[in-house]
Amino acid sequence: MPSSPLAQPFPDMPPIAGVTVRTARARYKAWDRCDLTFVELAAGTAVAGVLTQSKCPSPEVEWCRRALVMGEARALVVNAGNSNAFTGNRGRAAVEAIAARTAAQLGCQPSDVFVASTGVIGVPLPIDKAEAGLDAAFAAEPVGWRDAADAIATTDTFAKGASATAVVDGRTITIVGVIKGSGMIAPDMATMLGFIFTDAAVAPGYLQAALSAANERSFSCITVDGDTSTSDTVLAFATGAAGNAPLTSDEDAGADAFRAALADVCRQLALLVVRDGEGASKLIEITVEGAESDRSAHRIAMSIANSPLVKTAIAGEDANWGRVVMAVGKAGEPAERDRLSIRFGATQVAQGGLAVEGYDEAPVTAHLKGQEIEVGVDLGLGDGAARVWTCDLTHGYISINADYRS
């Protein structure tokens with residue numbers, strides 16, 4: 001599959017002390033590539049996570065949800081090609097087997113092992129392949145972040161990673177992350193599978209607070225197709241190897257810098273997922289202002305972002321702003337027609353409930369021919385604001401998903 005036209009090069013990301021990555025071929029599908037990732041974490045590593053709110057979650061999600069209560073991690077195992085979701089007791093047994101085998105290898109408790117899987121729903125993860133893949137990974141040489149990003153992918157067309165640094169307690173700490181996802185993207189918590197690693201010392205409770213806050217303005221602000229996955233998982237691991245005084249609250253030295261760097265990595269990763277939206281040719285940023293509340297603005301923005309009519313109009317480079325009006329009106333949030341204003345790029349096309357008299361459509365058309373599109377809405381009701389990101393809807397999306405299982 002050719003890379004998305006919106007693809008970004010994989011960045012040069014440094015190793016994180018206390019994190020060792022290995023990959024192997026479990027052969028969950030008929031492909032000749034690594035599809036199992038094993039990450040060994042130093043003892044005492046703190047962990048936090050945000051997980052799908054789907055009512056049909058995978059057993060991996062349920063396992064991680066329980067394990068997060070303990071706040072510490074020694075390993076992460078990621079399987080690609082099989083989501084192991086909707087697989088009953090056989091699926092749960094597979095997760096338990098993976099955790100037990102990994103724990104025996106590291107001499108830790110199974111609850112210290114986090115497991116995530118992605119791929120087709122409804123097919124039990126084969127335990128024999130998982131265990132053989134794990135054994136191969138245990139014996140493999142360590143690899144870099146690019147290899148990890150490749151190994152966790154499914155329909156992705158390019159590897160996705162991001163990093164940032166911050167000064168905490170007089171020490172430079174590093175945060176890196178890898179993510180996979182391009183379809184079934186409408187996060188109701190986090191998104192797809194994303195894994196973030198830092199050498200900062202952070203208490204589990206504070207790491208959770210920082211990740212949840214970052215998620216609210218990144219992963220929970222993207223959509224490709226309006227469909228929330230059964231397997232969405234974002235996990236953050238902090239090894240403490242940087243040697244800073246552990247962050248426990250916003251009052252600690254460098255806490256604000258850490259939170260800003262974490263938010264930056266999450267936003268970078270979220271936008272990479274949208275850039276690789278299945279069949280995407282345009283990245284769309286939607287800004288809503290003047291709403292009664294931030295929550296209301298977010299719901300309206302997502303209504304626009306999830307509208308097939310808006311997304312296909314932009315795919316066709318058609319300045320059909322009436323579809324934006326439709327999406328605002330159907331959101332179920334406070335809106336007054338005669339106060340509504342809409343812009344494409346820098347050009348105001350509608351204001352006060354009417355088309356701008358004599359507006360020139362040429363600059364709008366030129367804007368829509370680009371790869372990065374901006375849509376702005378002002379409701380004129382209050383101070384609520386939100387920004388979300390999506391992609392256009394093309395024939396490519398249909399082709400990919402019509403043939404997904406084959």
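1. Helix H8 against helix H9. In this predicted model, helix H8 (residues 308-315) packs alongside H9, their axes coming within 9 Å. The two axes cross at roughly 160 degrees. That makes H8 roughly antiparallel to H9, because the angle is over 145. The crossing of H8 and H9 is left-handed. On the H8 side, the contact is made by Leu309, Val310, Thr312 and Ala313. On the H9 side, Arg323, Val324, Met326 and Ala327 take part. By class, six of these residues are nonpolar, one is polar and one is charged.

2. The loop between H8 and H9. Glu317 lies in this loop. Most residues other than glycine have a negative phi. Glu317 is not a glycine, yet its phi is positive, at about 55 degrees. Is Glu317 buried or exposed? Neither fully: with a relative accessible area of 26%, Glu317 counts as partly exposed.

3. Helix H7 against helix H9. H9 (residues 322-329) also meets helix H7 (residues 294-305). Here the axes come within 8 Å and cross at roughly 135 degrees. That makes H7 oblique to H9. The reason is that 135 degrees falls between the 65 to 115 range for roughly perpendicular and the cut-off of 145 for roughly antiparallel. The crossing of H7 and H9 is right-handed. H7 contributes Ile300, Ser303 and Ile304 to the contact. H9 contributes Val324, Ala327 and Val328. The contact has five nonpolar residues, one polar residue and no charged ones. Val324 and Ala327 of H9 appear in the contact with H7 and also in the contact with H8.

4. A salt bridge from H7 to the loop after H9. Side chains of opposite charge can pair when their charged atoms come close. How far apart are the closest N and O atoms of Glu333 and Arg299? They are 2.7 Å apart, and the two residues form a salt bridge. Glu333 sits in the loop between H9 and strand E10 (341-344), while Arg299 is in helix H7. The pair links distant parts of the chain, 34 residues apart. Glu333 is buried, with a relative accessible area of 16%. Arg299 is partly exposed, at 39%.

5. A salt bridge from strand E13 to helix H6. The structure holds 17 salt bridges. One of them joins the side chains of Glu372 and Arg275, at 2.5 Å from N to O. Glu372 lies in strand E13 (residues 372-378) and Arg275 in helix H6 (residues 255-275), so the pair ties together parts that are 97 residues apart in sequence. Arg275 counts as buried, because its relative accessibility of 12% is under the 20% cut-off. Glu372 is partly exposed, at 47%.

6. Charged residues around Arg25. Arg25 forms a salt bridge with Asp32. Their closest N and O atoms are 3.0 Å apart. Arg25 is partly exposed, with a relative accessible area of 38%. Asp32 counts as exposed at 61%, because this is over the 50% cut-off.

7. Arg27 in the loop between E1 and E2. Arg27 has its place in this loop. Its phi is positive, at about 60 degrees, although Arg27 is not a glycine. Arg27 is partly exposed, with a relative accessible area of 42%.

8. Lys29 in the loop between E1 and E2. Lys29 lies between strand E1 (19-24) and strand E2 (36-51). Which residues does Lys29 touch, not counting those up to four places away in sequence? Lys29 touches Asp35 and Gly81. Lys29 and Gly81 are 52 residues apart in sequence. In space, their C-alpha atoms are 6.0 Å apart. Lys29 is partly exposed, with a relative accessible area of 37%.

Notes:
Residues are numbered from 1 along each chain as its sequence is written. This is a predicted model: local features need pLDDT of at least 70, side-chain atom pairs count only at pLDDT 80 or more; totals for chains, interfaces and linings use all residues. Side-chain values use heavy atoms; hydrogens and water are left out. Helices (H or I, at least four residues) and strands (E, at least two) are DSSP runs, numbered from the N terminus. Buried means under 20% relative accessible area, exposed over 50%, partly exposed in between (1.4 Å probe, protein chains only). Contact means heavy atoms within 4.5 Å. Axes are lines fitted to C-alpha atoms, for helices over the stretch in contact, and angles run from 0 to 180 degrees between N-to-C directions. Angles under 35 degrees count as roughly parallel, over 145 as roughly antiparallel, 65 to 115 as roughly perpendicular and the rest as oblique. A crossing is left-handed if the near helix is turned anticlockwise from the far one by less than a right angle, and right-handed if clockwise. Ala, Val, Leu, Ile, Met, Phe, Trp, Tyr, Cys and Pro count as nonpolar, Asp, Glu, Lys and Arg as charged, and the others, Gly among them, as polar. A salt bridge is a side-chain nitrogen of Lys or Arg within 4 Å of a carboxyl oxygen of Asp or Glu.
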